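Colleague: Before I rely on the terms used for this fold, I would like to hear how each one is justified.

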Amino acid sequence: MATDIHRKVSPGPAAAGPDEGRVAAVRARGLVREFGGRRVIDDLELTLEPGEFVALLGRSGCGKSTLLRVLAGLDREIGGEVWVPRRKAVAFQAPRLMPWKKVWRNVLLGLPGRPERAVAERALAEVGLGHRSDAWPRTLSGGEAQRASLARALVREPDLLLLDEPFGALDALTRITAQRLVAEVWRQRGCAVLLVTHDVDEALLLADRALVMEEGRIAYETPVALPRPRTPADPGFAELRARLLDRLGVAEPAGGGDTVAGSESVAAGGTER
Ligand SMILES: Nc1ncnc2c1ncn2[C@@H]1O[C@H](COP(=O)(O)OP(=O)(O)OP(=O)(O)O)[C@@H](O)[C@H]1O
Ligand SMILES: [Mg+2]
């Protein structure tokens with residue numbers, strides 16, 4: 001982990017800093033983001049511990065990507081305060097590779113200094129794409145392009161990895177492989193991860209904690225205290241899935257889980273905020 005872990009996203013009071021002497025990977029206090037007077041992020045509070053894997057769920061349009069862009073430092077027109085690590089990287093649903101640069105050059109794009117090709121090669125090997133280093137992006141499959149995008153994030157050696165629906169466009173099989181890859185990278189690297197996903201199962205397979213965003217805030221959170229490696233066959237998995245789907249306002253299909261959570265069990269394991 002880098003020692004220079006905190007960098008403020010926006011200017012604020014000079015004395016402000018990560019409080020209580022505790023080091024967190026992310027801290028957002030009273031975060032506000034408005035578009036044309038409409039509050040998309042509304043007084044949001046969020047803390048991620050170093051090395052923690054957190055999944056962020058929520059209905060379409062509730063502000064998940066907006067939050068990720070702020071944490072990535074791509075959007076600074078905010079109110080409130082946010083601290084994030086200096087070393088952070090983001091991967092989006094669309095891999096956003098530059099078509100005129102070979103894969104390895106894409107991986108190094110934007111890195112400071114003149115990093116050697118070997119740096120890209122190592123990251124590409126880590127995501128199982130060493131053999132496509134010399135390829136043009138348009139010749140990659142969707143899964144390969146996604147892995148190249150992940151390699152581009154990894155060369156930044158992030159303390160915080162921000163993933164915005166990175167597997168959304170992948171077919172079911174490729175998606176499982178990509179999920180395992182992210183789990184492995186996280187295990188090896190020990191960085192904090194914030195994963196935006198629409199897929200409750202994906203959240204439960206990967207995360208230590210699942211958050212539900214609603215009306216611009218974190219409205220609900222639950223720890224995911226299931227043993228790893230995880231499987232949907234775990235009875236605890238089914239219970240958590242039912243609880244989260246219920247919280248998201250999605251009814252489980254009949255026979256879709258062992259437990260259908262009522263409002264009592266929704267309150268039982270997680271926390272309303
Ligand atoms: N640059 C912008 N200008 C105006 N409105 C914006 C802008 N960016 C986002 N919004 C609005 O903010 C709201 C939240 O958008 P955001 O992309 O964060 O949603 P999301 O939770 O990521 O949704 P999805 O799950 O569909 O990706 C939406 O209503 C969107 O239209
Ligand atoms: Mg989004």
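The exchange below takes up the strands and the core of this predicted model.

Colleague: What makes strand S7 (residues 160-164) mostly covered?

Modeller: A residue is called buried if 20 or more other C-beta atoms lie within 10 Å of its own, and five of the five residues in S7 are buried, so the strand is described as mostly covered. Leu-160, Leu-162 and Asp-164 point one way from the strand, while Leu-161 and Leu-163 point the other way, and all are buried.

Colleague: How do you know that S7 pairs with strand S6 (residues 88-91) and with strand S8 (residues 192-196)?

Modeller: Pairing requires at least two bridges between two strands; S6 and S7 have four, in the parallel sense, and S7 and S8 have five, also in the parallel sense, so both pairs satisfy the criterion. As for individual partners, Ala-89 is bridged to Leu-161 in S7, and Leu-160 stands opposite Ala-192 in S8.

Colleague: Which helix belongs to the β-α-β unit with S7 and S8, and what is the handedness of that unit?

Modeller: Helix H5 (residues 172-189) joins S7 and S8 in the unit, which is right-handed.

Colleague: How do you know that Val-26 touches Leu-160 and Ala-192?

Modeller: Contact is assigned when C-beta atoms, placed from the backbone, lie within 7 Å, and the residues that Val-26 touches include Leu-160 and Ala-192, along with Leu-46 and Val-84, not counting residues up to four places away in sequence. Val-26 is also among the residues with the most contacts inside the largest nonpolar core, which has 75 residues; the largest share of this core, six residues, comes from helix H4 (residues 142-154).

How values were computed: Residues numbered from 1 in each chain as written. Chains lettered and ligands numbered in written order. Predicted model: local features only at pLDDT ≥ 70, side-chain atom pairs only at ≥ 80, totals over all residues. Core = buried A, V, L, I, M, F, W, Y, C linked by C-beta atoms within 7 Å. Buried ≥ 20, exposed ≤ 12 C-beta atoms within 10 Å, placed from the backbone. Helix = DSSP H or I, 4+ residues; strand = E, 2+ residues; numbered from the N terminus. Contact = placed C-beta atoms within 7 Å. Right-handed = clockwise from strand over helix to strand, strands pointing away.
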